[in-house]
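Me: Could you walk me through this model with a few questions and answers? I would like to begin with how the strands pair.

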Amino acid sequence: MRGTLMLTWILIICLSQVAVQSQRQYYSETRPYIPRPIKVTKLHFFMHESMGGTNASAVIVAQSNITSNDNNSSVPFGTLFAVDDPLRIGPEPDSEVIGNAQGLSLLAGINPRTSTTYFDFGFATGKYNGSSISMFSRTDLELAVVGGRGRFRMATGFALLNPYLISGTTVIIEFNVTLFHH
C-alpha cells in the first residue's frame, strides 16, 4: 500500500511537470507590430435598381401595419426591402455589369428620402474580381464603408451617392467611393 501511494505521488509530480512544460509550447515570443501601408482606392460605378415586374431587383419583404401615411411617400414608414441590384460602369441599361449590390434597406425615418441601409457590393470582373465592400449607414446621399474582403480587406471609407435617374420603378444611383484599406 505504501509503495502504491509513493508511486501515485511520483506520477502526479511527473504529470504536473509535463503539463507545465507542454503549456510553454502554446505561446510564442512577442514580435514588434509593423503596420502595412494604407492604400487609397477610388471607385466609380452606377447601381441600377428595378422595382416591380418580373425583373425586379428590389422587393418589399416586410411592411408596417400603419393605416396613415404621414411621410407623404409612396412607400410608408417601416418598409423593409431586400435588394440585389446590378453594378454597372455607366448609367446606360446596357453598360457592362461589374458586380452586384445585395442587402437590406429599411425606411426607418419619417423623411421618405432617409433609410437605414446595409449593402455588400461584390465585384465580379477586373482586378477587384472576388472582392467586396460592406456599407452600413443612414442613407442621405452618403454611406459609410465598414469593411471589405479580398483586395478590400479591413476597408473603411465613404461613398457619395448621386441620384442619376428616379423614374417610376427604375432608380439609377451614381456611386463615388473612397476606400482606405491594406
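Reply: Happy to! This is a predicted model, where local features need pLDDT of at least 70, side-chain atom pairs count only at pLDDT 80 or more, and totals for chains, interfaces and linings use all residues. Residues are numbered from 1 along each chain as its sequence is written, and side-chain values use heavy atoms, leaving out hydrogens and water.

Me: In which sense do β3 and β4 pair?
Reply: Strands here are DSSP runs of E with at least two residues, numbered from the N terminus. Two of them pair if DSSP finds at least two bridges between them. Nine bridges link β3 and β4, and their sense is antiparallel.

Me: Which residue of β5 is the bridge partner of Leu 104?
Reply: β4 and β5 run antiparallel, joined by eight bridges. Within β5, the partner of Leu 104 is Tyr 118.

Me: Which strand gives the largest share of the largest nonpolar core?
Reply: A nonpolar core is a set of buried (under 20% relative accessible area, 1.4 Å probe, protein chains only) Ala, Val, Leu, Ile, Met, Phe, Trp, Tyr and Cys residues joined through side-chain atoms within 4.5 Å. The largest one has 26 residues, and Phe 123 and Phe 175 are among those with the most contacts inside it. β1, β3 and β4 are among the strands that each supply at least two residues. The largest share, five residues, comes from β9.

Me: Is Phe 180 buried, partly exposed or exposed?
Reply: Phe 180 lies in strand β9, residues 170-181. Because its relative accessibility is 32%, Phe 180 counts as partly exposed, the class between under 20% and over 50%.

Notes
Helices (H or I, at least four residues) and strands (E, at least two) are DSSP runs, numbered from the N terminus.
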